[in-house]
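Reader: Please show me the protein first. I will then ask how each label was arrived at.

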Amino acid sequence: MLLTEIEANKLLADQDLSIPVSLVVTKQNFASNFSEIATQAQKLTFPVFAKAQVLHGNRALQGLVEKVPSADKLESTLQTLFAKQDTFGQPIAELILEEGAEIVESYYLALRYDTSTRKLITLYS
């Protein structure tokens, strides 16, 4: 099963785990009502990160994660990201705006199902 970051954050929050403050922005909502997005974004502490929601990794390497230094750069950054496509040529339909966090340590965890051995594989680094 593949999850977007939005879906994974919801699962974490449902288990009372801490997640960064964020705001979900759809391409449709951006096109029709940016003023509402701008109002909601005022609740975030800038800089924030605008991250395309795609079902594969390496978003930053593909230019699908952008730092938004201030509220006055929000509209142009979102416009740029929504104009892009992912690795498979799919348009970006949804973004998450997320407050930055000071990174003390970083870990990677993934769970994958191996169909040949019919077992769950845990990747951790």
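Reader: What pattern does the protein follow, read along the sequence?

Author: In this predicted model, the order along the sequence is α-β-α-α-β-β-α-β-β-β. The secondary structure amounts to 4 helices and 6 strands.

Reader: Why are H3 and H4 called oblique to each other?

Author: Helix H3 covers residues 34-41 and helix H4 residues 74-82, and the two pack at an angle of about 120 degrees. Roughly perpendicular ends at 115 degrees, and roughly antiparallel applies over 145. The angle of about 120 degrees fits neither class, so H3 and H4 count as oblique. Their axes lie 11 Å apart, and the crossing is right-handed.

Reader: Which residues make the contact between H3 and H4?

Author: H3 supplies Phe-34, Ile-37 and Ala-41, while H4 supplies Leu-74, Glu-75 and Leu-78.

Reader: What makes the count for this contact 5 nonpolar, no polar and 1 charged?

Author: Phe, Ile, Ala and Leu count as nonpolar and Glu as charged. Glu-75 of H4 is therefore the charged residue of the contact, and the division comes to 5 nonpolar, no polar and 1 charged.

Reader: How many of the residues count as buried, and what does that require?

Author: Of the 125 residues of the protein, 28% count as buried, a label that requires under 20% relative accessible area. The accessible surface of the protein is about 8800 Å², with 54% of that belonging to carbon and sulfur atoms.

Reader: What box do the C-alpha atoms fill?

Author: Along the principal axes, the box is roughly 50 × 35 × 25 Å.

Notes. Residues are numbered from 1 along each chain as its sequence is written. This is a predicted model: local features need pLDDT of at least 70, side-chain atom pairs count only at pLDDT 80 or more; totals for chains, interfaces and linings use all residues. Side-chain values use heavy atoms; hydrogens and water are left out. Axes are lines fitted to C-alpha atoms, for helices over the stretch in contact, and angles run from 0 to 180 degrees between N-to-C directions. A crossing is left-handed if the near helix is turned anticlockwise from the far one by less than a right angle, and right-handed if clockwise. Contact means heavy atoms within 4.5 Å. Buried means under 20% relative accessible area, exposed over 50%, partly exposed in between (1.4 Å probe, protein chains only). Accessible areas come from the Shrake-Rupley method with a 1.4 Å probe; for residues, only the protein chains shown count as cover.
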